[in-house]
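Biologist: Before I rely on the labels attached to this model, I would like to hear the reasoning behind them. Could we go through them one at a time?

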Amino acid sequence: MKVGRKKKPVMVCITSGKGGVGKTFITVNLAAALAAKGKKVLVVDCDFGLANVDIMLGIRPSRTMKDVVFGGKTLRDVIVKTPGGFDLVPACSGVRDMAQLLYERIEMIKEMLLSLEGYDLVLMDTGAGMTEVVLQFNLLADRNILVINRELTCLTDAYAMIKVLYQLFGRDAFDVIVNSSMNEKEGDRIFRHLDSICRRFLGFPLKHLGSVHQDEDVPRSIMNQEILVQASPHSGIAASCASMAGILSRWRS
């Protein structure tokens with residue numbers, strides 16, 4: 001009898017052109033929404049020198065990605081369970097060598113990620129901008145999600161990232177989440193603005209994954225180190241994340 005190949009997880013990179021757009025908040029709540037749907041999810045904090053995910057979750061990991069890169073550990077050795085029902089590979093903070101990883105070290109991490117089994121999705125939460133680390137994990141991904149908001153600098157930087165990934169590496173498929181929109185109408189407008197620029201100057205459309213609206217519960221959940229989709233399961237944000245998680249759950253590698 002033939003033994004079937006083990007299913008590989010869908011590698012999803014969640015990124016942004018600039019910092020401060022709520023990318024880690026989106027990642028954590030999407031992961032929790034996916035876990036609530038029965039999906040086995042691993043979040044990888046790819047902002048290696050400035051850990052965010054463990055802080056947002058109120059977790060103090062004994063091992064981090066630093067132990068993988070410099071301590072001879074495997075990814076499995078540093079994975080921790082989270083209150084959101086998903087697993088996490090935590091980054092570390094304030095370590096210069098982690099913030100400026102050599103290409104060989106990045107490749108080592110990528111190879112370990114590609115060898116992972118037992119997960120439906122791996123969500124890679126990158127730093128902002130176009131550093132080598134950010135670009136490499138975007139190129140590793142099966143799907144690329146860009147988080148944007150209404151700020152002109154955010155839209156400009158998001159377009160610059162899309163342009164580089166397309167012109168230098170041939171990437172021409174991007175999903176977009178609009179964060180902190182006033183309502184659905186504004187979220188659609190913000191998305192259409194970026195989409196029209198990509199259609200006009202790059203020749204391909206973007207996909208609108210969804211919008212997360214402004215809500216006073218967002219900063220409160222972050223300050224309390226809570227996952228909003230769990231703390232306020234009947235909120236509009238929880239509904240938005242559940243809707244987007246439904247789309248992600250149908251993705252295949």
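Modeller: The turns below take the labels in order, beginning with the reminder that this is a predicted model.

Biologist: Why is cysteine 13 called buried?

Modeller: The relative accessible area of cysteine 13 is 0%, and the word buried applies to anything under 20%, so cysteine 13 counts as buried.

Biologist: What makes strand S1, residues 10-15, mostly covered?

Modeller: Six of its six residues are buried. The two sides can also be listed separately, with Val10, Val12 and Ile14 on one and Met11, Cys13 and Thr15 on the other, and both faces of S1 are covered.

Biologist: How do you know that S1 pairs with strand S5, residues 121-126?

Modeller: Pairing requires at least two bridges found by DSSP, and S1 and S5 have five, in the parallel sense; within this pair, valine 10 stands opposite leucine 121, and methionine 11 stands opposite valine 122.

Biologist: What makes S1 and strand S6, residues 143-148, a pair as well?

Modeller: The reasoning runs along the cut-off of at least two bridges, for S1 and S6 are joined in the parallel sense over four bridges, and arginine 143 in S6 is the bridge partner of valine 12.

Biologist: Why is S5 described as largely enclosed by the rest of the structure?

Modeller: Six of the six residues of S5 are buried, so the description follows from that count. Leu121, Leu123 and Asp125 point one way and Val122, Met124 and Thr126 the other way, and all are buried.

Biologist: How do you know that strand S2, residues 41-46, pairs with S5?

Modeller: Six bridges join S2 to S5, and the two strands run parallel, which is to be set against the required minimum of two bridges; cysteine 46 has threonine 126 in S5 as its bridge partner.

Biologist: Why is no disulfide assigned to cysteine 13?

Modeller: A disulfide is a covalent bond between the sulfur atoms of two cysteines. The assignment needs two sulfur atoms within 2.5 Å, whereas the closest cysteine sulfur to that of cysteine 13 belongs to cysteine 46 and is 6.6 Å away, and therefore too far for a bond.

Biologist: What can be said of cysteine 198, its accessibility and its closest cysteine sulfur?

Modeller: Cysteine 198 is buried, at 0% relative accessibility, and its sulfur is 13 Å from the closest cysteine sulfur, in cysteine 154, so this distance is also too far for a bond. A search of the whole structure finds zero disulfides.

Note on methods. Residues numbered from 1 in each chain as written. Predicted model: local features only at pLDDT ≥ 70, side-chain atom pairs only at ≥ 80, totals over all residues. Heavy atoms only, no water. Buried < 20%, exposed > 50% of the residue type's maximum accessible area, 1.4 Å probe, protein only.
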